[in-house]
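Take a look at the model below. Some strand, helix and pocket geometry follows it.

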Amino acid sequence: MAHLGLVGIGVMGGAFALNLAEKGHDVSLLDRSAEKMAKVVAESDGLAGRLIACVDADAFVKSMLAPRSVLVLVPSGGPLDSVIDMLKPLLDKGDLIADLGNSNYTDTESRVAAMESVGLQFLGMGISGGAEGARNGPSIMAGGSRESWARVKGPLQDSAAKFEGDPCCDWFGPGGSGHFIKMLHNGIEYADMQLIAEAYGLMSNGLGMSAKKIGKVFQGWMDGPLNSYLIEIAAEVALAKDPKTDAAMLDVILDRAGQKGTGRWSVIEALHLGAPASMMAAAVEARNISADLETRLQMEAAFGASPKPIPKEMAPKKKTLKALEQAMVAAKVCAYAQGFEVLSRASEKFEWDLNLAAIARVWRAGCIIRSVFLDEIADVFDKGDEKHLVLSPVFQEHMKINAPALQAVASFGLINGHAVPAFAAALNYHNMRRTGRSTANMIQGLRDYFGAHTFERVDNPGEKVNGPWHD
Ligand code: 6PG
């Protein structure tokens, strides 16, 4: 008999089942495909005794000791609701369902309320790291009641990635807070990936470098502040060859990006919260535009291809590659500053009392955005410099050193016709944030002119007045 069950034995679920079993936990398995379960058990290398493959939901529930904790790793939305509907009548009061998919946090809020109203418990947990992470240690962000979390904390922390011994798995707050954090993880992931794609484009179309040479540059960046999983795999992707043609893999991959929605949701939520998220927005928009290949080809035929080689006088190669690395650092600081600002606003609005340092800590290993950089962020938040990441002494220093390179890279990219939406968004964000006297006085003047919306005077802030426009 097991205390823990896992529904959805696909690539991720199967890998996670093996991980839990390896950490000494007995797990009941349920999937529509008996074959998939049999495959996991067959490949379990001596762990088969800890895995109970069940023929149906009834057998699954009966194979577990109460109180039961059921982890569900199926696609969010309809498939998850079907699993909940199937299990609900079979479970006893006090049993727990934990959703480990990429669910929208508002759906999680509703599910927590609905399950609690019938005496069942529900946790919404983001899990990051892909199939490899699920097998060897993912990063896990949980939300729901503290009591529910206490039930699954042990096995989940055992199975999670460790950073210097600390499990990258924590509970952050009630309701949908765990899924909100995972959504923002993905929003930041989108921005990080878009920056990598733009750097690749500048090296490839701007400096005329081969995929192999670009791969070597990414490898070199692993020795500096950009050291991260995404840069590591960017090097591998750039260096890989197509087994069919022997060309660089990057040269045979169609430039049409997919997306499942978490990046877009992050931007929508940021807009609702009034928090800047221009870098995630730039990344989502770049994917949207990339997906419409047909229109891009028509526009290229009409206007000519946009990106031009960057003249050597403007950007000598060695100097430019250094500037690109520095621009990446500055832009990354902006992306994370935006991401954590969204989290902080959400925490305030929904009264989640999120611990930003703890969030940075669970992202240090196991997840897709893992990097040395997150350890620095955790330190800043631990010291209580929570308001604006960029104002903390350590990140101020990063920006002072690297922002000039961001300005140079975004500028020579744009001047030479390269689309660099994430670099430009980072630079605009930084420039707007560091401008004490902005141009919003004009906006206020216009609003007051056409709609009598009032404005404040510089010599008497706080008082709402109208202008002399219509006297
Ligand atoms: C992770 C990933 C994972 C996945 C997302 C984003 O943390 O392991 O973020 O959740 O990659 O679904 O996928 P899209 O790029 O398809 O939106």
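The report covers a strand series, one helix and one pocket.

This is a predicted model, where local features need pLDDT of at least 70, side-chain atom pairs count only at pLDDT 80 or more, and totals for chains, interfaces and linings use all residues. Residues are numbered from 1 along each chain as its sequence is written, and side-chain values use heavy atoms, without hydrogens and water.

**Strands.** Helices (H or I, at least four residues) and strands (E, at least two) are DSSP runs numbered from the N terminus. Strands pair if DSSP finds at least two bridges between them.

| Pair | Bridges | Direction | One facing pair |
|---|---|---|---|
| β1 (residues 2–7) and β4 (residues 64–72) | five | parallel | L4 and S69 |
| β4 and β5 (residues 96–99) | four | parallel | L71 and A98 |

β4, helix α4 (residues 78–87) and β5 make a right-handed β-α-β unit.

**Helix α1.** Helix α1 covers residues 11–22. Its twelve residues should span 16 Å at 1.5 Å a residue, and the end C-alpha atoms are 17 Å apart, which agrees. Nine of the twelve are buried (under 20% relative accessible area, 1.4 Å probe, protein chains only). Among them are F16, L18 and L20. G24 follows α1, with a positive phi near 95 degrees.

**Second largest pocket.** Its volume, the space filled by probe spheres set on the grid points, is about 550 Å³. Of its 27 lining residues, H388, V390, L391, Y429 and R433 are the closest to the centre. Lining residues have an atom within 4 Å of a point; the pocket is an open set on a 1 Å grid over the protein atoms alone, where a 1.4 Å probe fits, with protein on both sides within 12 Å along at least five of seven lines. α15 (317–350), α18 (393–415) and α19 (421–433) each supply at least two lining residues. α15 gives the most, with seven.

Note on methods. The expected span of a helix is 1.5 Å times one less than its number of residues. Buried means under 20% relative accessible area, exposed over 50%, partly exposed in between (1.4 Å probe, protein chains only). A crossover is right-handed if, with the strands pointing away from the viewer, the path from the first strand over the helix to the second runs clockwise.
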